[in-house]
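Work through these exercises with the structure open. Try each task before reading its solution.

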Amino acid sequence: MLKNVGSETARRMGSGKNASLTGDLATFEHIVTDVNETFLWRMDDYPWARNVWNFHPEIEIHLLRKTRGLAFVGDHIGEFDPGYLTIVGPNLPHDWVTTTEPGEIIQGRDIVIQFDPARLRAITQAMPEFNQLEDFFRRTERGLVFTGNTRKEGGELIERMGHLKGFARLSLFVNLLDLLSSSNEYEILSSLEFAPKLDAERLDVLQRSLIYIFEHLASDIHIGELAELAGMSESAFSRFFKKNTGNNFTDHVNKLRVWQACKLLSETDMPITDICFEVGYLNISNFNRTFLRQHKVTPSAYRKLTSQRRPVRTMNSQSN
(Lines give C-alpha, C1' and ligand atoms only; values in the text may rest on other atoms or scores of the structure.)
Protein backbone atom coordinates (compact mmCIF):
# COMPACT_ATOMS: atom_id res chain seq x y z
CA MET A 1 0.00 0.00 0.00
CA LEU A 2 1.16 3.54 -0.68
CA LYS A 3 2.40 5.04 2.58
CA ASN A 4 2.55 8.62 3.85
CA VAL A 5 0.85 10.12 0.81
CA GLY A 6 -2.43 11.98 1.01
CA SER A 7 -3.00 12.15 4.77
CA GLU A 8 -1.95 15.78 4.95
CA THR A 9 -3.83 16.39 1.71
CA ALA A 10 -6.98 14.88 3.14
CA ARG A 11 -6.63 17.05 6.22
CA ARG A 12 -6.51 20.12 3.99
CA MET A 13 -9.51 19.10 1.89
CA GLY A 14 -10.93 22.08 0.09
CA SER A 15 -8.19 24.40 1.32
CA GLY A 16 -6.18 24.72 -1.88
CA LYS A 17 -6.01 24.11 -5.59
CA ASN A 18 -6.96 20.77 -7.13
CA ALA A 19 -9.34 20.19 -4.25
CA SER A 20 -11.14 17.34 -5.98
CA LEU A 21 -8.08 15.17 -5.54
CA THR A 22 -7.69 15.97 -1.87
CA GLY A 23 -10.66 14.30 -0.28
CA ASP A 24 -11.67 10.71 0.38
CA LEU A 25 -9.85 8.12 -1.66
CA ALA A 26 -11.49 6.99 -4.87
CA THR A 27 -13.80 4.06 -4.50
CA PHE A 28 -16.88 2.43 -5.87
CA GLU A 29 -19.69 5.01 -5.89
CA HIS A 30 -22.97 3.65 -4.57
CA ILE A 31 -25.81 5.41 -6.36
CA VAL A 32 -29.32 5.38 -4.94
CA THR A 33 -32.18 6.23 -7.28
CA ASP A 34 -35.56 6.97 -5.76
CA VAL A 35 -37.96 4.04 -6.07
CA ASN A 36 -40.33 6.27 -8.05
CA GLU A 37 -37.67 7.43 -10.56
CA THR A 38 -35.97 5.83 -13.54
CA PHE A 39 -32.85 7.97 -13.18
CA LEU A 40 -31.10 10.31 -10.77
CA TRP A 41 -30.79 14.03 -11.60
CA ARG A 42 -28.50 16.01 -9.32
CA MET A 43 -26.84 19.43 -9.30
CA ASP A 44 -23.49 19.53 -7.49
CA ASP A 45 -21.33 22.28 -6.09
CA TYR A 46 -17.56 21.94 -6.43
CA PRO A 47 -15.60 20.62 -4.66
CA TRP A 48 -17.44 18.01 -2.62
CA ALA A 49 -16.73 14.53 -1.28
CA ARG A 50 -17.54 12.63 -4.48
CA ASN A 51 -15.23 14.72 -6.68
CA VAL A 52 -12.72 11.88 -6.94
CA TRP A 53 -11.54 9.27 -9.43
CA ASN A 54 -14.58 7.01 -9.18
CA PHE A 55 -16.58 4.38 -11.02
CA HIS A 56 -20.04 2.78 -10.80
CA PRO A 57 -22.16 0.33 -12.82
CA GLU A 58 -24.61 3.06 -13.83
CA ILE A 59 -24.24 5.17 -16.99
CA GLU A 60 -23.55 8.83 -16.19
CA ILE A 61 -24.42 11.89 -18.28
CA HIS A 62 -22.40 14.83 -16.99
CA LEU A 63 -22.83 18.53 -17.80
CA LEU A 64 -20.09 20.92 -16.67
CA ARG A 65 -22.01 24.19 -16.33
CA LYS A 66 -19.26 26.49 -15.05
CA THR A 67 -15.49 27.02 -15.13
CA ARG A 68 -12.74 25.24 -16.96
CA GLY A 69 -10.61 22.33 -15.89
CA LEU A 70 -9.24 18.92 -16.67
CA ALA A 71 -11.33 15.88 -17.60
CA PHE A 72 -10.13 12.40 -16.69
CA VAL A 73 -12.15 9.63 -18.39
CA GLY A 74 -10.48 6.24 -18.54
CA ASP A 75 -7.05 6.93 -20.04
CA HIS A 76 -8.20 10.25 -21.52
CA ILE A 77 -6.87 13.53 -20.13
CA GLY A 78 -8.29 16.66 -21.74
CA GLU A 79 -9.62 20.12 -21.04
CA PHE A 80 -13.25 21.02 -20.42
CA ASP A 81 -15.04 24.37 -20.57
CA PRO A 82 -18.54 25.59 -19.63
CA GLY A 83 -21.15 23.54 -21.49
CA TYR A 84 -18.95 20.42 -21.74
CA LEU A 85 -21.34 17.47 -22.12
CA THR A 86 -20.18 13.90 -21.76
CA ILE A 87 -21.51 10.42 -21.10
CA VAL A 88 -19.53 7.77 -19.24
CA GLY A 89 -20.41 4.09 -19.41
CA PRO A 90 -20.54 1.48 -16.64
CA ASN A 91 -17.42 1.05 -14.51
CA LEU A 92 -15.34 3.55 -16.49
CA PRO A 93 -13.32 5.64 -13.99
CA HIS A 94 -13.74 9.40 -14.32
CA ASP A 95 -13.16 12.74 -12.62
CA TRP A 96 -13.40 16.44 -13.53
CA VAL A 97 -10.88 18.71 -11.80
CA THR A 98 -11.05 22.50 -11.44
CA THR A 99 -8.33 24.52 -9.74
CA THR A 100 -9.87 26.42 -6.83
CA GLU A 101 -8.63 28.90 -4.27
CA PRO A 102 -8.63 28.03 -0.54
CA GLY A 103 -12.21 27.82 0.68
CA GLU A 104 -13.66 28.53 -2.78
CA ILE A 105 -16.92 26.78 -3.66
CA ILE A 106 -18.23 26.83 -7.24
CA GLN A 107 -22.01 26.75 -6.87
CA GLY A 108 -23.79 24.40 -9.27
CA ARG A 109 -20.73 23.53 -11.34
CA ASP A 110 -22.12 20.15 -12.39
CA ILE A 111 -25.38 18.48 -13.31
CA VAL A 112 -25.19 14.71 -13.11
CA ILE A 113 -27.67 12.19 -14.51
CA GLN A 114 -27.13 8.55 -13.55
CA PHE A 115 -29.19 5.54 -14.56
CA ASP A 116 -28.97 1.77 -14.63
CA PRO A 117 -29.08 0.58 -18.27
CA ALA A 118 -30.49 -2.76 -17.07
CA ARG A 119 -33.70 -0.99 -16.01
CA LEU A 120 -34.19 0.33 -19.53
CA ARG A 121 -33.31 -3.04 -21.08
CA ALA A 122 -35.96 -4.64 -18.88
CA ILE A 123 -38.78 -2.68 -20.55
CA THR A 124 -37.83 -3.43 -24.16
CA GLN A 125 -40.34 -6.27 -24.36
CA ALA A 126 -43.16 -3.86 -23.60
CA MET A 127 -41.56 -0.93 -25.45
CA PRO A 128 -39.32 -2.36 -28.21
CA GLU A 129 -38.23 1.13 -29.31
CA PHE A 130 -35.88 1.20 -26.30
CA ASN A 131 -33.89 -1.62 -27.89
CA GLN A 132 -32.49 0.99 -30.28
CA LEU A 133 -30.36 2.25 -27.39
CA GLU A 134 -28.28 -0.92 -27.14
CA ASP A 135 -25.60 0.18 -29.60
CA PHE A 136 -25.44 3.54 -27.88
CA PHE A 137 -24.92 1.90 -24.48
CA ARG A 138 -21.98 -0.04 -25.91
CA ARG A 139 -20.42 3.17 -27.24
CA THR A 140 -20.64 4.79 -23.81
CA GLU A 141 -18.26 2.17 -22.42
CA ARG A 142 -15.33 4.28 -23.65
CA GLY A 143 -16.85 7.65 -22.77
CA LEU A 144 -18.16 10.20 -25.27
CA VAL A 145 -18.00 14.00 -25.33
CA PHE A 146 -20.56 15.82 -27.48
CA THR A 147 -20.01 18.81 -29.73
CA GLY A 148 -21.98 21.23 -31.90
CA ASN A 149 -25.75 21.41 -31.69
CA THR A 150 -25.90 18.16 -29.71
CA ARG A 151 -23.88 19.74 -26.92
CA LYS A 152 -26.07 22.86 -26.93
CA GLU A 153 -29.45 21.10 -27.15
CA GLY A 154 -28.41 18.37 -24.70
CA GLY A 155 -27.35 20.94 -22.14
CA GLU A 156 -30.65 22.77 -22.47
CA LEU A 157 -32.65 19.55 -21.94
CA ILE A 158 -30.62 18.69 -18.85
CA GLU A 159 -31.13 22.16 -17.38
CA ARG A 160 -34.89 21.99 -17.98
CA MET A 161 -35.19 18.65 -16.16
CA GLY A 162 -34.28 20.33 -12.89
CA HIS A 163 -37.57 22.23 -12.85
CA LEU A 164 -39.75 19.17 -13.49
CA LYS A 165 -40.83 16.00 -11.74
CA GLY A 166 -42.43 12.69 -12.59
CA PHE A 167 -43.50 11.95 -16.14
CA ALA A 168 -42.59 15.44 -17.37
CA ARG A 169 -38.97 14.92 -16.30
CA LEU A 170 -38.96 11.37 -17.71
CA SER A 171 -40.19 12.69 -21.06
CA LEU A 172 -37.20 15.04 -21.30
CA PHE A 173 -34.89 12.18 -20.30
CA VAL A 174 -36.18 10.09 -23.19
CA ASN A 175 -35.70 13.07 -25.52
CA LEU A 176 -32.14 13.43 -24.24
CA LEU A 177 -31.36 9.76 -24.87
CA ASP A 178 -32.81 10.04 -28.36
CA LEU A 179 -30.70 13.13 -29.08
CA LEU A 180 -27.44 11.66 -27.80
CA SER A 181 -27.89 8.18 -29.24
CA SER A 182 -28.72 9.46 -32.74
CA SER A 183 -26.01 12.14 -32.88
CA ASN A 184 -22.79 11.95 -34.87
CA GLU A 185 -21.42 15.02 -33.07
CA TYR A 186 -19.22 13.28 -30.55
CA GLU A 187 -15.67 12.20 -29.85
CA ILE A 188 -14.64 8.96 -28.16
CA LEU A 189 -12.55 9.58 -25.05
CA SER A 190 -10.95 6.43 -23.64
CA SER A 191 -8.96 3.94 -25.72
CA LEU A 192 -9.89 0.33 -26.40
CA GLU A 193 -6.76 -0.79 -24.55
CA PHE A 194 -7.81 0.78 -21.25
CA ALA A 195 -8.98 -2.02 -18.96
CA PRO A 196 -7.99 -1.40 -15.33
CA LYS A 197 -8.56 -3.88 -12.55
CA LEU A 198 -10.96 -2.00 -10.33
CA ASP A 199 -10.44 -3.44 -6.87
CA ALA A 200 -10.26 -1.35 -3.72
CA GLU A 201 -6.54 -1.80 -3.08
CA ARG A 202 -5.48 -0.73 -6.58
CA LEU A 203 -7.80 2.27 -6.46
CA ASP A 204 -6.38 3.27 -3.10
CA VAL A 205 -2.79 3.19 -4.38
CA LEU A 206 -3.74 4.93 -7.62
CA GLN A 207 -5.66 7.75 -5.92
CA ARG A 208 -2.77 8.40 -3.54
CA SER A 209 -0.40 8.43 -6.49
CA LEU A 210 -2.52 11.00 -8.33
CA ILE A 211 -2.62 13.17 -5.21
CA TYR A 212 1.16 13.01 -4.90
CA ILE A 213 1.68 13.97 -8.54
CA PHE A 214 -0.64 16.98 -8.24
CA GLU A 215 1.04 18.18 -5.06
CA HIS A 216 4.55 17.88 -6.55
CA LEU A 217 3.78 18.88 -10.13
CA ALA A 218 6.05 21.94 -10.03
CA SER A 219 9.02 19.97 -8.73
CA ASP A 220 11.38 17.56 -10.47
CA ILE A 221 9.23 14.54 -9.67
CA HIS A 222 10.54 11.03 -10.42
CA ILE A 223 8.66 7.77 -10.75
CA GLY A 224 11.03 6.21 -8.24
CA GLU A 225 9.56 8.40 -5.49
CA LEU A 226 6.09 7.03 -6.10
CA ALA A 227 7.34 3.46 -6.49
CA GLU A 228 9.06 3.66 -3.11
CA LEU A 229 5.98 5.10 -1.43
CA ALA A 230 3.84 2.40 -3.01
CA GLY A 231 6.18 -0.34 -1.81
CA MET A 232 6.85 -1.50 -5.38
CA SER A 233 9.85 -1.74 -7.60
CA GLU A 234 10.11 1.03 -10.18
CA SER A 235 9.32 -1.35 -13.05
CA ALA A 236 6.32 -2.83 -11.20
CA PHE A 237 4.93 0.61 -10.40
CA SER A 238 5.43 1.71 -14.01
CA ARG A 239 3.35 -1.24 -15.22
CA PHE A 240 0.75 -0.62 -12.50
CA PHE A 241 0.41 3.07 -13.42
CA LYS A 242 0.11 2.37 -17.14
CA LYS A 243 -2.45 -0.39 -16.59
CA ASN A 244 -4.69 1.67 -14.30
CA THR A 245 -4.48 5.13 -15.91
CA GLY A 246 -3.82 4.17 -19.54
CA ASN A 247 -0.90 6.61 -19.66
CA ASN A 248 2.72 6.07 -18.81
CA PHE A 249 4.05 8.15 -15.93
CA THR A 250 5.96 10.68 -18.05
CA ASP A 251 3.06 11.32 -20.43
CA HIS A 252 0.66 11.73 -17.51
CA VAL A 253 2.87 14.30 -15.79
CA ASN A 254 3.49 16.18 -19.05
CA LYS A 255 -0.23 16.40 -19.81
CA LEU A 256 -0.92 17.87 -16.39
CA ARG A 257 1.97 20.32 -16.61
CA VAL A 258 0.92 21.52 -20.05
CA TRP A 259 -2.66 21.92 -18.83
CA GLN A 260 -1.44 24.09 -15.96
CA ALA A 261 0.73 26.05 -18.39
CA CYS A 262 -2.32 26.65 -20.60
CA LYS A 263 -4.16 28.20 -17.66
CA LEU A 264 -1.27 30.51 -16.91
CA LEU A 265 -0.81 31.45 -20.58
CA SER A 266 -4.48 32.29 -21.06
CA GLU A 267 -5.30 33.83 -17.68
CA THR A 268 -2.15 35.74 -16.70
CA ASP A 269 0.58 37.88 -18.23
CA MET A 270 3.36 35.81 -16.64
CA PRO A 271 6.38 35.52 -19.00
CA ILE A 272 6.55 32.20 -20.82
CA THR A 273 9.98 31.42 -19.39
CA ASP A 274 8.60 31.85 -15.86
CA ILE A 275 5.62 29.63 -16.71
CA CYS A 276 8.02 26.95 -17.91
CA PHE A 277 9.67 26.73 -14.48
CA GLU A 278 6.42 27.33 -12.58
CA VAL A 279 4.87 24.13 -13.96
CA GLY A 280 7.94 21.98 -13.36
CA TYR A 281 10.05 22.05 -16.53
CA LEU A 282 13.79 22.51 -16.09
CA ASN A 283 14.47 24.11 -19.48
CA ILE A 284 12.50 26.12 -22.01
CA SER A 285 13.32 23.94 -25.01
CA ASN A 286 11.81 20.84 -23.39
CA PHE A 287 8.75 22.85 -22.37
CA ASN A 288 8.26 24.25 -25.90
CA ARG A 289 8.73 20.84 -27.49
CA THR A 290 6.25 19.12 -25.18
CA PHE A 291 3.69 21.93 -25.53
CA LEU A 292 3.94 21.86 -29.32
CA ARG A 293 3.49 18.09 -29.40
CA GLN A 294 0.30 18.27 -27.32
CA HIS A 295 -1.34 21.38 -28.77
CA LYS A 296 0.20 21.67 -32.26
CA VAL A 297 1.06 25.31 -31.53
CA THR A 298 3.81 26.99 -29.54
CA PRO A 299 3.12 28.51 -26.10
CA SER A 300 3.34 32.03 -27.53
CA ALA A 301 0.90 31.20 -30.32
CA TYR A 302 -1.46 29.61 -27.81
CA ARG A 303 -1.39 32.77 -25.70
CA LYS A 304 -2.26 34.92 -28.71
CA LEU A 305 -5.19 32.68 -29.63
CA THR A 306 -6.65 32.55 -26.13
CA SER A 307 -6.17 36.26 -25.47
CA GLN A 308 -8.84 36.89 -28.09
CA ARG A 309 -11.36 34.88 -26.08
CA ARG A 310 -11.02 36.03 -22.47
CA PRO A 311 -9.30 38.79 -20.51
CA VAL A 312 -5.81 38.34 -19.13
CA ARG A 313 -5.24 38.78 -15.41
CA THR A 314 -1.95 40.18 -14.20
CA MET A 315 -0.08 38.39 -11.46
CA ASN A 316 -0.71 41.37 -9.17
CA SER A 317 -4.47 41.14 -9.70
CA GLN A 318 -4.37 37.43 -8.89
CA SER A 319 -2.81 38.09 -5.52
CA ASN A 320 -5.33 40.78 -4.54
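**Exercise 1: One side of a helix**

Parts of the chain that cover the buried residues of H12 include strand S4 (76-80), helix H9 (249-267), helix H10 (272-278) and helix H11 (284-295). Keep in mind that this is a predicted model.

Task: find which residues of helix H12 are buried, and where they sit around its axis.

Solution. Start with the residues 299-307, which make up helix H12. Its buried residues are Pro299, Tyr302, Arg303 and Thr306. Next, look at their directions. They cover an arc of only 100° around the axis, so they lie on the same side of H12.

**Exercise 2: Classify two ring pairs**

The structure holds 13 aromatic pairs. Task: work out what kind of pair phenylalanine 80 and tyrosine 84 form, then do the same for phenylalanine 146 and tyrosine 186.

Solution. Take phenylalanine 80 and tyrosine 84. Their centres are 6.0 Å apart, with 55° between the planes. That pair is tilted. Phenylalanine 80 counts as buried because its relative accessibility is 3%. Tyrosine 84, at 6%, counts as buried too.

Now take phenylalanine 146 and tyrosine 186. The ring centres are 6.4 Å apart and the planes stand at 65°. Planes over 60 degrees apart count as edge-to-face, so this pair is edge-to-face.

Then place both rings. Phenylalanine 146 is in strand S8 and tyrosine 186 is in strand S9, so the pair ties together parts 40 residues apart in sequence. Finish with accessibility. Phenylalanine 146 has 2% and counts as buried. Tyrosine 186 has 25% and counts as partly exposed.

Notes. Residues numbered from 1 in each chain as written. Predicted model: local features only at pLDDT ≥ 70, side-chain atom pairs only at ≥ 80, totals over all residues. Heavy atoms only, no water. Buried < 20%, exposed > 50% of the residue type's maximum accessible area, 1.4 Å probe, protein only. Helix = DSSP H or I, 4+ residues; strand = E, 2+ residues; numbered from the N terminus. Arc of directions from axis to C-beta. Contact = heavy atoms within 4.5 Å. Phe/Tyr/Trp six-rings, centres within 6.5 Å; stacked < 30°, edge-to-face > 60°.
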